[in-house]
Amino acid sequence: MTALAKLLRTTAFRLTLVYLLVFALFAAFLLGYFALNTRRMINDQIVRTVDSEIVDLTNIFERVGLRGLMIAVDARAGNPGSSLYLVTTANGDGLAGNVGSLEPGVIDRTGWVEAAYRRIEQTDQADHMALVHVVQMPGGFRLLVGRDLDERERLFRIVAIAGRWSVAIVIVLGLTGGFFVSRRVLRRIEAMGDKAHTIMSGDLSGRLPIAGTGDELDRLAANLNAMLGRIESLMRGLKEVSDNVAHDLRTPLTRLRNRCEAALRTAKSDRDYRDAIEATIEESDGLIHIFDALLMIARAESGELRAGMIPFDAAEIARDVGELYEPVADEKGLTLRVDAATPAPVTGNRELIGQALANLLDNAIKYTGAAADRVNGVAPEIVVTAQAQPNQILLSVGDRGPGIPAAERQRAVERFVRLEQSRTEPGSGLGLSLASAVARLHGGELRLEDNAPGLKALLILPRADATRGAS
Ligand SMILES: Nc1ncnc2c1ncn2[C@@H]1O[C@H](COP(=O)(O)OP(=O)(O)OP(=O)(O)O)[C@@H](O)[C@H]1O
Ligand SMILES: [Mg+2]
């Protein structure tokens, strides 16, 4: 497609054409209306003055007879101007006036008519047009009074020419304006198109150009840029996940493989084989656990679960999870206290929020460890709470373990991240990632705070029956 054809197909140019048509019609209508009205006004004026002259002349005829009329008519006919007078006999023979010849039949009929005529002293041979009124006088005489229409026609022509010009100017200006506007729009669209191509060819960091005018194209570009930003961050997340998966699953898989190989090489008895297979199953369970966690994070992050959210009481979940983990805490000599008596209404996915809270509690129990300081021999307490605030629900798990240094808190939430201090404990570094993804899915957040000493993990969720305006 040629550049011009492209230009002509733009919406801007088509709109210009529509406006052009509207303006041209409007201009034509306006001038036409003006011309016709002017013509009518001139006619009205002629009719008024001619009629009053006829009244005058009729009076003269009645008062002083034909002779007086002829003198008066000749006197008026002698004045310069566009006035026409003619007095004839009943047969149409001219007696006085300045009309030389008339279209045949005009003088025979009384009333108003537009007719061609020539003056007596006229030098050229051209016919002129006049608006004349013929009346019959007593005795069969006829009196014609009229006005030349040259002036009216000239005025009409001037308006017609002005009309043609203004329509032509509207069209030329409109087309040029449309051409430039469309070219500008087309250039911006093409710049966006070019950028889109580079983005599609792999440069996800590219963004569509914004002219800064704040017009609809800018707004569109800004929205598309926001979308590109989101796509870019999703792609980055995806890449990170696949990198992590490749990297972090390789170690346990290699371990699995080596264990099998060693068993094949060194096992002597059924017992040895059995041990090797059991170890393999354990390792595989770990892998399955990692995959499950990854899948759950992916589901939470995709937002696909947002559709099936239901209202429920998060305090109930806190009590359930606390009950579930009580034996584990007991086993480690830790006290677990659940403080979740008042209802904490949230709308969300029960299973995911339960899992997130379980992950936090699992960490608290795991990292508080038996080696943790015992305050006066009292077992360090782990406290699970569910609190309802006007706009949000706080689910928290506080422990008295080593805590996480402030500088590491952000990193600890990333996938597969395990801090140096906890390498001795089993785990894959996905627990906090899931809790954080679940919080974000529900429009909330996961916050890690200092419990002085220990860690306080807060799952902040929007309250389902939030009282708007209150804080
Ligand atoms: N309560 C806590 N006290 C001290 N350190 C913690 C606590 N919770 C988490 N951490 C640190 O944050 C890291 C990430 O925690 P996360 O729950 O994501 O993974 P994990 O517990 O190592 O493994 P997983 O939960 O997948 O079994 C942990 O490895 C640990 O170093
Ligand atoms: Mg964990």
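Visitor: Where is the place of Arg415 in this model?

Guide: Arg415 sits in the loop between H8 and H9, in what is a predicted model. With a relative accessible area of 16%, Arg415 is buried, because buried here means under 20% relative accessible area.

Visitor: How far apart are Arg415 and Val245, in sequence and in space?

Guide: Along the chain Arg415 and Val245 are 170 residues apart, while the distance in space, from C-alpha to C-alpha, is 9.5 Å.

Visitor: How should I read the backbone at Phe416, and what is its phi?

Guide: Most residues other than glycine have a negative phi, and most peptide bonds are trans. Phe416 has a phi near 65°, which is a positive value in a residue that is not glycine. Phe416, too, is found in the loop between helix H8 (409-412) and H9, and at 9% relative accessibility Phe416 counts as buried.

Visitor: Is Ala452, which has a positive phi, buried or exposed?

Guide: Ala452 is exposed, its relative accessible area being 61%. The phi of Ala452 is about 40°, positive although the residue is not a glycine, and Ala452 is found in the loop between E12 and E13.

Visitor: What is the peptide bond from Ala452 to Pro453?

Guide: That bond, running from Ala452 to Pro453, is cis, with omega near -5°. Pro453 is itself placed in the loop that lies between strand E12 (445-450) and strand E13 (455-462).

Visitor: Turning to the interior, which residues of the largest nonpolar core touch the most other members?

Guide: In soluble globular proteins, nonpolar side chains tend to be buried together. The largest nonpolar core here has 60 residues, of which Leu357, Leu360, Leu361, Ile382, Leu395 and Val397 touch the most other members. The element that gives the most to this core is H7, with nine residues, and the core draws at least three residues from each of domain 2 (204-302) and domain 3 (308-470).

Visitor: Which domains does the domain assignment of the protein give, and what separates the centres of domain 1 and domain 2?

Guide: The assignment gives domain 1 (11-154), domain 2 (204-302) and domain 3 (308-470). Taken over C-alpha atoms, the centres of domain 1 and domain 2 are separated by 99 Å.

Visitor: How many residues surround ligand 1, and which are the closest?

Guide: Ligand 1 is surrounded by 20 residues, and the closest of these are Asn363, Tyr367, Asp399, Arg418 and Ser422. By residue class, the shell around ligand 1 divides into nine nonpolar, eight polar and three charged residues.

Visitor: Which backbone atoms should I look at beside the oxygen atoms of ligand 1?

Guide: A backbone N or O atom of Leu419 lies 3.2 Å from an oxygen atom of ligand 1, and a backbone N or O atom of Ser428 lies 3.1 Å from an oxygen atom of the ligand. A polar backbone atom of Gly431 is likewise 3.2 Å from an oxygen atom of ligand 1. As for cover, ligand 1 has 590 Å² of accessible area on its own, and the protein covers 95% of that area.

Visitor: Which elements give two or more residues to the shell around ligand 1?

Guide: These elements are helix H7 (350-368) and helix H9 (431-441). H7 gives the most to the shell, with four residues, and H7 also gives the most to the largest nonpolar core, with nine residues.

Key:
Residues numbered from 1 in each chain as written. Chains lettered and ligands numbered in written order. Predicted model: local features only at pLDDT ≥ 70, side-chain atom pairs only at ≥ 80, totals over all residues. Heavy atoms only, no water. Near = heavy atom within 4 Å. Polar contact = N/O pair within 3.5 Å; in protein donor to acceptor, adjacent residues only side chain to side chain. Areas by Shrake-Rupley, 256 points an atom, 1.4 Å probe, with all protein chains shown as cover. Nonpolar A, V, L, I, M, F, W, Y, C, P; charged D, E, K, R; others polar. Core = buried A, V, L, I, M, F, W, Y, C linked by side-chain atoms within 4.5 Å. Buried < 20%, exposed > 50% of the residue type's maximum accessible area, 1.4 Å probe, protein only. Domains from an automatic or database assignment.
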